[in-house]
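Please examine the sequence and the three-dimensional structure shown below. The explanation after them proceeds from the overall fold to individual residues.

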Amino acid sequence: GASQLLDSLSTREHGRARYAVSEMERVATFVALAASSTQNSGANAHEILTRLGTLLNATHSGLANQLLVSTVELDRIVAICAELGQDKVFGARLMGGGFGGCALVLANASHGDEVQQTLQAKFAVTFPELGSCVVYRVG
(Lines give C-alpha, C1' and ligand atoms only; values in the text may rest on other atoms or scores of the structure.)
Protein backbone atom coordinates (compact mmCIF):
# COMPACT_ATOMS: atom_id res chain seq x y z
CA GLY A 1 0.00 0.00 0.00
CA ALA A 2 0.85 3.67 0.32
CA SER A 3 2.84 3.25 3.54
CA GLN A 4 4.97 0.54 1.94
CA LEU A 5 5.66 2.84 -1.00
CA LEU A 6 6.61 5.70 1.35
CA ASP A 7 8.94 3.39 3.26
CA SER A 8 10.74 2.53 0.02
CA LEU A 9 11.55 6.18 -0.77
CA SER A 10 14.89 7.78 -0.01
CA THR A 11 14.92 10.83 2.25
CA ARG A 12 15.23 13.08 -0.77
CA GLU A 13 12.37 11.33 -2.63
CA HIS A 14 10.20 11.48 0.47
CA GLY A 15 10.81 15.24 0.75
CA ARG A 16 9.87 15.71 -2.89
CA ALA A 17 6.69 13.69 -2.48
CA ARG A 18 5.80 15.70 0.64
CA TYR A 19 6.40 18.90 -1.32
CA ALA A 20 4.14 17.80 -4.20
CA VAL A 21 1.24 16.94 -1.89
CA SER A 22 1.58 20.11 0.18
CA GLU A 23 1.91 22.24 -2.97
CA MET A 24 -1.36 20.83 -4.34
CA GLU A 25 -3.03 21.85 -1.09
CA ARG A 26 -1.45 25.32 -1.24
CA VAL A 27 -2.57 25.85 -4.83
CA ALA A 28 -6.17 24.90 -4.00
CA THR A 29 -6.14 27.26 -1.01
CA PHE A 30 -4.52 30.05 -3.06
CA VAL A 31 -7.13 29.76 -5.83
CA ALA A 32 -10.01 29.85 -3.31
CA LEU A 33 -8.52 32.85 -1.47
CA ALA A 34 -7.78 34.73 -4.70
CA ALA A 35 -11.36 34.17 -5.89
CA SER A 36 -12.73 35.46 -2.58
CA SER A 37 -10.51 38.55 -2.73
CA THR A 38 -12.55 39.95 -5.61
CA GLN A 39 -15.54 40.11 -3.26
CA ASN A 40 -13.74 41.72 -0.33
CA SER A 41 -12.15 45.06 0.36
CA GLY A 42 -10.39 46.90 3.15
CA ALA A 43 -9.13 44.99 6.16
CA ASN A 44 -10.53 41.68 4.91
CA ALA A 45 -8.71 42.04 1.59
CA HIS A 46 -5.48 42.82 3.46
CA GLU A 47 -5.91 39.62 5.50
CA ILE A 48 -6.45 37.63 2.29
CA LEU A 49 -3.29 39.12 0.74
CA THR A 50 -1.37 38.24 3.90
CA ARG A 51 -2.59 34.64 3.68
CA LEU A 52 -1.72 34.49 -0.05
CA GLY A 53 1.77 35.75 0.78
CA THR A 54 2.21 33.10 3.45
CA LEU A 55 1.37 30.47 0.83
CA LEU A 56 3.93 31.96 -1.59
CA ASN A 57 6.58 31.87 1.13
CA ALA A 58 5.77 28.23 1.93
CA THR A 59 6.06 27.31 -1.73
CA HIS A 60 9.46 28.96 -2.00
CA SER A 61 10.64 27.19 1.13
CA GLY A 62 9.62 23.84 -0.34
CA LEU A 63 11.25 24.59 -3.68
CA ALA A 64 14.47 25.62 -1.93
CA ASN A 65 14.62 23.02 0.85
CA GLN A 66 12.72 19.97 -0.40
CA LEU A 67 13.08 20.07 -4.20
CA LEU A 68 16.45 21.84 -4.02
CA VAL A 69 15.77 23.86 -7.18
CA SER A 70 16.37 27.40 -5.95
CA THR A 71 19.53 29.47 -6.27
CA VAL A 72 21.36 31.69 -3.80
CA GLU A 73 20.27 34.73 -5.83
CA LEU A 74 16.58 33.84 -5.69
CA ASP A 75 16.85 32.88 -2.03
CA ARG A 76 18.37 36.32 -1.36
CA ILE A 77 15.50 38.09 -3.15
CA VAL A 78 12.97 36.16 -1.05
CA ALA A 79 15.00 36.90 2.11
CA ILE A 80 15.10 40.63 1.32
CA CYS A 81 11.33 40.55 0.93
CA ALA A 82 10.98 38.83 4.32
CA GLU A 83 13.28 41.44 5.89
CA LEU A 84 10.94 44.18 4.67
CA GLY A 85 8.09 42.61 6.66
CA GLN A 86 4.62 41.43 5.70
CA ASP A 87 3.17 44.92 5.91
CA LYS A 88 5.27 45.78 2.82
CA VAL A 89 5.73 42.40 1.10
CA PHE A 90 3.06 39.79 1.65
CA GLY A 91 5.21 36.98 0.21
CA ALA A 92 7.60 35.87 -2.52
CA ARG A 93 8.65 32.74 -4.34
CA LEU A 94 10.77 31.59 -7.24
CA MET A 95 9.01 31.18 -10.57
CA GLY A 96 10.02 29.25 -13.64
CA GLY A 97 11.71 25.90 -13.90
CA GLY A 98 14.07 26.31 -11.00
CA PHE A 99 17.84 26.77 -11.03
CA GLY A 100 17.34 30.38 -12.08
CA GLY A 101 14.30 32.10 -13.43
CA CYS A 102 12.68 34.91 -11.51
CA ALA A 103 10.86 35.69 -8.29
CA LEU A 104 7.21 36.56 -7.92
CA VAL A 105 6.81 39.19 -5.19
CA LEU A 106 3.35 40.05 -3.84
CA ALA A 107 3.91 43.53 -2.43
CA ASN A 108 1.66 46.09 -0.82
CA ALA A 109 1.02 48.65 -3.57
CA SER A 110 1.41 51.55 -1.16
CA HIS A 111 5.02 50.43 -0.53
CA GLY A 112 5.88 49.55 -4.13
CA ASP A 113 8.59 52.15 -4.63
CA GLU A 114 10.32 51.26 -1.35
CA VAL A 115 10.15 47.53 -2.10
CA GLN A 116 11.59 48.03 -5.57
CA GLN A 117 14.42 50.29 -4.39
CA THR A 118 15.30 48.03 -1.46
CA LEU A 119 15.34 44.89 -3.61
CA GLN A 120 17.55 46.51 -6.22
CA ALA A 121 19.97 48.05 -3.70
CA LYS A 122 20.37 45.02 -1.43
CA PHE A 123 20.65 42.60 -4.35
CA ALA A 124 23.42 44.74 -5.89
CA VAL A 125 25.31 44.79 -2.57
CA THR A 126 25.07 41.00 -2.20
CA PHE A 127 25.89 40.23 -5.84
CA PRO A 128 27.97 43.15 -7.16
CA GLU A 129 29.14 41.08 -10.11
CA LEU A 130 25.51 40.77 -11.27
CA GLY A 131 24.50 44.35 -10.64
CA SER A 132 20.95 45.11 -9.66
CA CYS A 133 17.97 42.85 -10.14
CA VAL A 134 15.33 43.99 -12.61
CA VAL A 135 11.93 44.77 -11.13
CA TYR A 136 8.75 44.76 -13.23
CA ARG A 137 5.60 46.10 -11.65
CA VAL A 138 2.16 44.99 -12.74
CA GLY A 139 -1.09 46.82 -12.05
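The following paragraphs treat the chain as a whole, then its nonpolar cores, and finally several single residues.

The structure is a predicted model. Its chain contains 5 helices and 2 strands, and these elements follow one another along the sequence in the pattern α-α-α-α-β-β-α. The C-alpha trace extends about 55 × 45 × 20 Å along its principal axes. Of the 139 residues in the chain, 32% are buried. If contacts are restricted to residues at least 6 apart in sequence, 56% of them join residues at least 24 apart.

The surface and the charges may be described next. The chain exposes about 8300 Å², of which carbon and sulfur atoms supply 59%. There are 10 positive and 12 negative side chains, and the centres of these two sets lie 1 Å apart.

The interior can be approached through its nonpolar clusters. In soluble globular proteins, nonpolar side chains tend to be buried together. Here the largest nonpolar core comprises 12 residues, namely I77, V78, I80, C81, L84, V89, A92, V115, L119, F123, F127 and C133. At least two residues of this core come from each of α4 (72-84), β1 (89-95) and α5 (112-126). Helix α4 provides the largest share, with 5 residues. Another core, of 6 residues, lies apart from this one, and L67, V69, L74 and L94 are among its members.

Within the largest core, V89 illustrates how separate parts of the sequence meet. Beyond residues up to four places away in sequence, V89 touches C81, L84, V105, L106, A107 and V115. Among these partners, C81, L84 and V115 also belong to the largest core.

Two aromatic members of that core deserve separate attention. How many aromatic pairs does a search of the whole structure find? The search finds 1. The pair consists of F123 and F127, whose ring centres are 5.0 Å apart and whose planes meet at 45 degrees, so the arrangement is tilted. Both partners fall under the 20% limit for burial: F123 is buried at 7% relative accessibility, and F127 is buried with a relative accessible area of 9%.

Helix α3 supplies two further buried positions. H60 is placed in helix α3, which covers residues 43-65, and H60 is buried because its relative accessible area, 5%, is under 20%. Not counting residues up to four places away in sequence, H60 touches S70, L74, D75, V78, A92, R93 and L94. Of these contacts, V78 and A92 are members of the largest core, whereas L74 and L94 belong to the other one.

A64 also lies in helix α3 and counts as buried at 17% relative accessibility. Leaving aside neighbours within four places in sequence, A64 is in contact with S70 and D75. The C-alpha atoms of A64 and D75 are separated by 7.6 Å, although the two residues are 11 positions apart along the chain. S70 and D75 also appear among the residues that H60 touches.

The loop between α3 and α4 contains L68. Most residues other than glycine have a negative phi. By contrast, L68 has a positive phi of about 60 degrees although it is not a glycine. Is L68 buried or partly exposed? With a relative accessibility of 42%, L68 counts as partly exposed, because this value falls between the 20% and 50% limits.

Technical notes: Residues are numbered from 1 along each chain as its sequence is written. This is a predicted model: local features need pLDDT of at least 70, side-chain atom pairs count only at pLDDT 80 or more; totals for chains, interfaces and linings use all residues. Side-chain values use heavy atoms; hydrogens and water are left out. A nonpolar core is a set of buried Ala, Val, Leu, Ile, Met, Phe, Trp, Tyr and Cys residues joined through side-chain atoms within 4.5 Å. Buried means under 20% relative accessible area, exposed over 50%, partly exposed in between (1.4 Å probe, protein chains only). Helices (H or I, at least four residues) and strands (E, at least two) are DSSP runs, numbered from the N terminus. Contact means heavy atoms within 4.5 Å. Accessible areas come from the Shrake-Rupley method with a 1.4 Å probe; for residues, only the protein chains shown count as cover. Lys and Arg count as positive and Asp and Glu as negative; His and the chain ends are not counted. The place of a charge is taken as NZ of Lys, CZ of Arg, CG of Asp or CD of Glu. Rings of Phe, Tyr and Trp (its six-membered ring) pair if their centres lie within 6.5 Å; planes under 30 degrees apart count as stacked, over 60 as edge-to-face and the rest as tilted.
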